[in-house]
Amino acid sequence: MSAPPVRTTAPTTTTPSPGKIITAACVGNALEWYDIAVYSYFATYLSKVFFTNDDPAVSLLLTLGTFGVSFLIRPVGALVLGSYADRAGRKAALTWSIGLMAVGTLLICVMPSYAAIGVVAPIGILLARLIQGFAAGGEFGSATALMVEFMPNRRGFAASWQFTSQAASTLLAALLGTVLTSTLSEDQLISWGFRIPFLIGLLVAPVGLYIRRNVPEPPAAPRQEGSRKEDSPTPIRTMLREHKAGVLLTIGLLAVTTCLNYLITYIPTYATKTLDLPDSTGFIAALAGGLVLLAVTSVAGHFSDRVGQIAIMVPAAGAVLLLIYPMFALLVAAPSLAMLIGVVMVMALFKGCYYGPMGALMAGIFPAETRATGMAVGYNIGVTVFGGFTPMIAAWLLDSTGQSAAPAYWVAFAALASLTSLFVLRRRSLHPR
């Protein structure tokens with residue numbers, strides 16, 4: 001007697017390996033943070049090429065201001081691409097985001113200098129950063145949702161790779177900065193050398209596009225069946241109606257780690273402009289910090305699957321609050337390569353312990369139907385407030401207070417904001433553990 005035919009309702013798809021899932025999710029995030037780190041690390045040279053002014057301090061502030069302004073569009077990208085990911089799927093949104101990032105990077109690669117085309121140069125750089133900011137706005141929520149939905153039993157470990165990829169990108173950018181500032185003269189860096197890291201980043205985009213186009217949708221991702229009903233609520237409307245508190249808590253969660261990240265990317269500028277150390281010193285310190293982040297972040301995410309995310313994040317944020325000013329005061333009192341490396345490595349250790357569990361904690365705040373939108377909006381508002389303007393706020397604090405350790409005040413405030421969100425999450429039991 002022959003076996004009855006097996007009835008299928010949909011084509012079977014092979015579940016991709018964890019490595020493929022993580023690579024597909026993190027490649028765009030890695031490109032985003034690589035571009036951010038390169039822009040920050042080479043801000044001094046960018047200011048001389050694209051933002052020429054009689055006062056070098058004004059040129060640098062304009063460069064850092066452009067860096068910060070580009071973050072204002074990130075919440076818009078979060079709403080558009082995050083909602084698209086919740087309606088059309090994670091894969092479609094992630095393909096769009098990496099393509100747009102590549103366009104922004106290309107503009108920076110080919111933009112002529114201020115001396116060649118005048119005011120069009122800084123406007124072109126601003127446009128490039130706005131495109132990148134819009135694309136990055138939808139990246140984090142969609143990519144993190146993809147990983148935790150494919151790996152629900154290892155959400156802490158899976159989501160931590162978002163931040164491990166950021167550490168790897170920062171590490172690569174710092175390594176390139178160290179090599180270029182050690183081997184090229186300042187004239188060579190200003191003439192053409194600063195473009196090399198952006199060109200290298202541009203080469204990643206085609207690989208990322210290929211990988212993302214060949215990964216399936218996760219099983220928990222929402223899908224539209226047929227035509228959408230007119231009265232069907234959009235992910236944005238649902239998020240604004242039901243999950244406003246979750247968005248606010250997400251913003252608070254991001255405060256300390258985002259502030260620390262952008263402060264570390266500011267270190268090369270801080271080392272040369274404030275501490276009067278050689279150009280390569282700040283890059284070497286950032287390189288050491290990147291190694292610590294690379295080693296710690298996923299380990300912290302793995303352990304958070306066992307003990308809970310908040311149990312690891314609260315001590316890390318508390319340590320930042322208590323120790324950030326003493327570390328900066330010590331650095332100012334005895335500026336040297338060894339001291340700078342030590343301070344950056346300690347900051348990176350606290351950041352990695354906090355960073356690793358954070359993605360899973362954020363993903364647990366929102367249901368699958370609005371996860372990409374809610375995470376993207378909260379993440380990008382938090383990054384805008386506590387990240388994009390951190391280098392400029394640090395420069396402003398240094399100038400207005402006259403205290404070389406003044407950037408520590410902003411970091412301490414961010415740590416307090418994150419601790420507040422963590423305690424609220426614990427009390428309301430909004431977290432997954």
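These legends go with several close-up views of one predicted model. Residues are numbered from 1 along each chain as its sequence is written, and side-chain values use heavy atoms, with hydrogens and water left out. Because this is a predicted model, local features need pLDDT of at least 70 and side-chain atom pairs count only at pLDDT 80 or more, while totals for chains, interfaces and linings use all residues.

**View 1. The largest cavity, with helix 1 and helix 7 in its lining.** The structure holds 2 cavities of 30 Å³ or more, and about 60 Å³ of space lies in the largest cavity. A cavity here is a set of points on a 1 Å grid, over the protein atoms alone, where a 1.4 Å probe fits but cannot get out, and lining residues have an atom within 4 Å of a point. Points are joined across faces, edges and corners, and the volume is the space filled by probe spheres set on them. Look for Glu32, Asp35, Ile36, Arg74, Met101, Arg129, Gln132, Gly133 and Ala136 around this one. Helix 1 (18-41) and helix 7 (120-137) are the elements that give two or more residues each, and helix 7 gives the most, with 4. Helices are DSSP runs (H or I, at least four residues), numbered from the N terminus. By class, the lining has 3 nonpolar, 2 polar and 4 charged residues; Ala, Val, Leu, Ile, Met, Phe, Trp, Tyr, Cys and Pro count as nonpolar, Asp, Glu, Lys and Arg as charged, and the others, Gly among them, as polar. Arg129, one of the lining residues, also has its charged end over the ring of Tyr39, 5.5 Å from the ring centre. For that label, CZ of Arg or NZ of Lys must be within 6 Å of the ring centre and within 35 degrees of the ring normal.

**View 2. Helix 5, residues 90-110.** The 21 residues of helix 5 should span 30 Å at 1.5 Å a residue, and the end C-alpha atoms are 31 Å apart, so the two agree. The expected span is 1.5 Å times one less than the number of residues. Buried residues in helix 5 include Arg90, Leu94, Ile98, Met101, Thr105 and Cys109, where buried means under 20% relative accessible area, exposed over 50%, and partly exposed in between (1.4 Å probe, protein chains only). Met101 turns up in the lining of the largest cavity too.

**View 3. The second largest cavity, lined in part by helix 13, helix 15 and helix 16.** This cavity holds about 40 Å³ of space. Val256, Thr257, Leu260, Ala316, Ala317, Val320, Phe350, Lys351 and Tyr354 line it. Helix 13 (244-273), helix 15 (309-333) and helix 16 (337-363) each supply at least two of these residues. The lining divides into 7 nonpolar, 1 polar and 1 charged. Lys351 lies over the face of Tyr355, at 3.4 Å from the ring centre.

**View 4. The second largest pocket, with helix 3, helix 13 and helix 18 in its lining.** A pocket, for this purpose, is an open set of points with protein on both sides within 12 Å along at least five of seven lines. This one has a volume of about 250 Å³. Its lining residues include Pro56, Leu60, Leu64, Tyr266, Lys273, Leu398 and Asp399. Helix 3 (56-69), helix 13 and helix 18 (390-401) give two or more residues each, and helix 3 gives the most, with 5. Sorted by class, there are 8 nonpolar, 2 polar and 2 charged.

**View 5. Trp410 and Phe413, a stacked pair in helix 19.** A search of the whole structure finds 6 aromatic pairs. In this one the rings are 5.8 Å apart, centre to centre, with 20° between the planes. Rings of Phe, Tyr and Trp (its six-membered ring) pair if their centres lie within 6.5 Å; planes under 30 degrees apart count as stacked, over 60 as edge-to-face and the rest as tilted. Both residues lie in helix 19 (407-428), 3 residues apart, or about one turn. Trp410 counts as buried at 16% relative accessibility, whereas Phe413 is partly exposed at 47%. Phe386 joins Trp410 and Phe413 in one aromatic cluster.

**View 6. Asp276, in the loop between helix 13 and helix 14 (279-307).** Asp276 isn't a glycine, yet has a positive phi of about 60°. Asp276 is also exposed, at 64% relative accessible area.
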